[in-house]
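This briefing is for a reader who is new to the structure below. It begins with the chain as a whole and then goes through single topics.

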Amino acid sequence: MINKALKVHGFIIRNTKLFKSVRCLCTLYYDFVRSLLEYGSVIWKPYLVKDQLRLEHVQNKFLNFIAFKMKIYHKPQTHYTYKY
């Protein structure tokens, strides 16, 4: 599910380069990416630390993208320690 969410996230970034509305970008993220991450989370319940970090990685990628679009400083979190 996380890999699929990352693919959809990349698709949104590639196709919304000219978008100016942050609200529109957030709506796209919530509708397409967050829905994938939340789907079935009750069943697969990310209780392992590596799964939680992978979820946070997807969310932080979006935050970095929005901060870049709005031209505000956002300290990127680039260190993720998990093993596959």
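In this predicted model, residues 24 or more positions apart account for 68% of the contacts in the protein chain with a separation of 6 or more. The chain has four helices and zero strands, and its pattern along the sequence reads α-α-α-α. Of its 84 residues, 27% count as buried.

**Helix α1: Val8 and His9**

- Val8 is found in helix α1, and with 22% relative accessibility it counts as partly exposed, because the cut-off for buried is under 20%.
- Leaving aside neighbours within four places in sequence, Val8 is in contact with Phe32, Val33 and Leu36.
- One of these partners, Phe32, is 24 residues from Val8 in sequence, while the two C-alpha atoms are 7.1 Å apart in space.
- His9 also belongs to helix α1, which covers residues 2-15.
- His9 has a relative accessibility of 3%, so it counts as buried.
- With neighbours within four places in sequence set aside, the contacts of His9 are Tyr29, Val33, Lys61 and Phe62.
- Val33 is thus listed as a contact of Val8 and as a contact of His9.

**Helix α2: the salt bridge**

- The structure holds one salt bridge.
- The side chains that meet in this salt bridge are those of Arg34 and Glu38, at 2.9 Å from N to O.
- Where do Arg34 and Glu38 sit relative to each other in helix α2? They are four residues apart in that helix, which means that about one helical turn separates them.
- Arg34 is partly exposed, its relative accessible area being 29%.
- Glu38 is partly exposed as well, with a relative accessible area of 46%.

**Helix α4: span and buried residues**

- Helix α4 has 22 residues, and the distance from its first C-alpha to its last is 31 Å.
- That span is close to the 32 Å expected at 1.5 Å a residue.
- The buried residues in α4 are Asp51, Arg54, Leu55, Val58, Asn60, Phe62, Phe65, Ile66 and Ala67.
- Among them, Phe62 is also in contact with His9.
- Ala67 has its place in helix α4, and it counts as buried because its relative accessible area is 6%.
- Not counting residues up to four places away in sequence, Ala67 touches Ile72 and His74.
- Along the chain, Ala67 and Val22 are 45 residues apart, and their C-alpha atoms are separated by 9.8 Å.

**After helix α4: Lys71**

- Lys71 is found in the segment after α4.
- What is the sign of phi at Lys71, a residue other than glycine? The value is positive, near 60°.
- Most residues other than glycine have a negative phi.
- Is Lys71 buried or exposed? Lys71 is exposed, with a relative accessible area of 76%, a value that lies over the 50% cut-off.

**The largest pocket**

- Rolling a probe the size of a water molecule over the atoms shows where empty space is left.
- The largest pocket holds about 150 Å³ of space.
- Which residues line the largest pocket? The lining consists of Lys17, Leu18, Phe19, Lys20, Val22, Leu25, Phe68, Lys69 and Lys71.
- Two elements, α2 (22-38) and α4 (49-70), give two or more residues each to this lining.
- Sorted by class, the lining has five nonpolar residues, four charged residues and no polar ones.
- Lys71, with its positive phi, is one of the lining residues.
- Val22, whose C-alpha lies 9.8 Å from that of Ala67, is another residue of the lining.

Note on methods:
Residues are numbered from 1 along each chain as its sequence is written. This is a predicted model: local features need pLDDT of at least 70, side-chain atom pairs count only at pLDDT 80 or more; totals for chains, interfaces and linings use all residues. Side-chain values use heavy atoms; hydrogens and water are left out. On a 1 Å grid over the protein atoms alone, a cavity is a set of points where a 1.4 Å probe fits but cannot get out, and a pocket is an open set with protein on both sides within 12 Å along at least five of seven lines; lining residues have an atom within 4 Å of a point. Grid points are joined across faces, edges and corners, and a volume is the space filled by probe spheres set on the points. Ala, Val, Leu, Ile, Met, Phe, Trp, Tyr, Cys and Pro count as nonpolar, Asp, Glu, Lys and Arg as charged, and the others, Gly among them, as polar. A salt bridge is a side-chain nitrogen of Lys or Arg within 4 Å of a carboxyl oxygen of Asp or Glu. Buried means under 20% relative accessible area, exposed over 50%, partly exposed in between (1.4 Å probe, protein chains only). The expected span of a helix is 1.5 Å times one less than its number of residues. Contact means heavy atoms within 4.5 Å.
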